[in-house]
Amino acid sequence: MDVANTLFIMLCALLVLLMTPSLAMFYSGLVQAKNALNTIMNCFIVFGLVSFAWIFFGFSLAYGGDYFGIIGDFSAVFLNDVKGVNANGVPQILYVIYQMMFALIASAIITGSLVGRIKLGVLALFLVFWSIFVYDSLAHMIWDERGFLLMRGGLDFAGGGVVHISAGTAGLIGVLMVGARKEMPSSNEQAHSIPYAFLGGILLFIGWLGFNAGSAGKVDEIAVNAFVVTIIAASSGYIAWICLEILNKQKPSILGSLSGLVAGLVGITPGCGYVSIGSSIIIGASTAIICFWGLIIIKYKLKLDDSLDAFSLHGFGGMWGALCVGLFASKSVNPNIEFEGLFIDYNFHLLIEQILGVLVCFGISAIISYIIFKIISFFTPLRVDSEHESIGLDASLHGESAYQK
């Protein structure tokens, strides 16, 4: 066992675990007070459900054996024979838990699209099946050494496709299947506690550093690069969104700046172990710009009730971030990559593979998410009734109130 690498992955696992309750806080602050607790429950319930799904057979499907480079097998169910250390001297069981944290946050992101109207039981069922049939499969294709996208040369350092594109897409399909809220509050009416959302967003940012740097698997220059460019891309996305708000509304907002922060983080995630500091500035700012206009298209042009902008930020941001790998990936940052980006080596190969990866992540998540929601709808309505929705889900589903009057 390599002590330094093991301690590093333990720390990163703790940071990524922090992301799920932080996202719950972030989402909760962005909704009306009557749905604050339900939003937390929707987000954090993955800690119980997806954890067990991952331990029982999720890890095995993602990393145990191989079928056609698409999915693993059941050789490691219930963590059977998961022992010893990996090539970096990290105990295999610790690696399992670290990867489990990614499955948790991916599932939690989806819930932001559906706050205020989806049944808790429906959401719970969907998240379990989605994590098995979508997340585990994509993790195998992109991160397992036998996965067909990785073998073709596609790159996703920390989850731009596996986590963000797939989760954002599932949220979009959920919006189309479940429908919009009956009452559509304005942005100012919807966010009941902006300081609460800010605290959740900053804690999410801190956890994200473990998400990206830990994906190196060990303490080395690549991990350090991922740590540094993640901070820089977040800052450039933050500033870019503020500038866009000043240009368009003359009033920069705290909520908008948080969206820019998240957009920058999403954009740098697939390439943080492959791109330079200079490239990260461009990636963070450009992702914020794309997500800003993507949000306007989704919410105001198409009138889709993506309540907390899961697809606008994670879907659009993950897609653009994946393509940026095909533009900016450099062997000077990571000598292990086979092909460099178009702007570095003037070669289209990596960009083409990244486009394929985006299409696969979007397509698989969209199709399977639709099927899961459709099957569930045969047995029960996907959303709560109008009376419960009007009262608020905290009182009607949980019998609790976030704030005492």
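What is the accessible surface of the protein chain, and what share of it belongs to carbon and sulfur atoms? In this predicted model, the accessible surface comes to about 16100 Å², and 70% of that area belongs to carbon and sulfur atoms.

## Overall architecture

The protein chain contains 17 helices and 0 strands. Along the principal axes, its C-alpha atoms fill a box of roughly 55 × 50 × 35 Å. For 405 residues, a compact globule would be expected to have a radius of gyration near 22 Å, and the 20 Å found for the protein chain agrees with that expectation. Of the 405 residues, 58% are buried. Among contacts with a separation of 6 or more, 76% join residues that are 24 or more positions apart.

The charged groups comprise 18 positive and 25 negative charges, and the mean positions of these two sets are 11 Å apart.

## Cysteines

A search of the whole structure finds 0 disulfides. Cys272 is in no disulfide, and the nearest cysteine sulfur, that of Cys12, is 11 Å away. Because a disulfide requires two cysteine sulfur atoms within 2.5 Å, that separation does not meet the criterion. Cys272 has a relative accessibility of 0% and therefore counts as buried.

Cys324 is likewise in no disulfide; its nearest cysteine sulfur belongs to Cys291 and is 11 Å away. With a relative accessibility of 1%, Cys324 also counts as buried.

## Two helical residues and their surroundings

Leu123 is placed in helix α5, which spans residues 120-143. Its relative accessibility is 1%, so Leu123 counts as buried. Leaving aside residues up to four places away in sequence, Leu123 touches Asn42, Thr111, Leu114 and Ile118. Leu150 lies 27 residues from Leu123 along the chain, and the C-alpha atoms of the two are separated by 31 Å.

Met319 belongs to helix α13, the helix that covers residues 310-328. Why does Met319 count as buried or exposed? Its relative accessibility is 18%, and buried means under 20%, so Met319 counts as buried. With residues up to four places away in sequence excluded, Met319 touches Ile165, Phe311, Val358 and Phe362. Met319 and Leu37 are 282 residues apart in sequence, and their C-alpha atoms are 31 Å apart in space.

## Positive phi values in loops

Leu79 has a phi near 60°, a positive value in a residue other than glycine. Leu79 lies in the loop between α3 (46-63) and α4 (92-110). Its relative accessible area is 16%, and Leu79 is therefore buried.

Lys303, which is not a glycine, has a positive phi of about 60°. This residue is placed in the loop between α12 (277-301) and α13 (310-328). At 63% relative accessibility, Lys303 counts as exposed, since the exposed class begins over 50%.

## Accessibility of the residues discussed

The table collects the individual values.

| Residue | Relative accessibility | Class |
|---|---|---|
| Cys272 | 0% | buried |
| Cys324 | 1% | buried |
| Leu123 | 1% | buried |
| Leu79 | 16% | buried |
| Met319 | 18% | buried |
| Lys303 | 63% | exposed |

Conventions
Residues numbered from 1 in each chain as written. Predicted model: local features only at pLDDT ≥ 70, side-chain atom pairs only at ≥ 80, totals over all residues. Heavy atoms only, no water. Helix = DSSP H or I, 4+ residues; strand = E, 2+ residues; numbered from the N terminus. Rg over C-alpha atoms; globule rule 2.2 N^0.38 Å. Buried < 20%, exposed > 50% of the residue type's maximum accessible area, 1.4 Å probe, protein only. Contact = heavy atoms within 4.5 Å. Areas by Shrake-Rupley, 256 points an atom, 1.4 Å probe, with all protein chains shown as cover. Lys, Arg positive; Asp, Glu negative; His and termini not counted. Charge placed at Lys NZ, Arg CZ, Asp CG, Glu CD.
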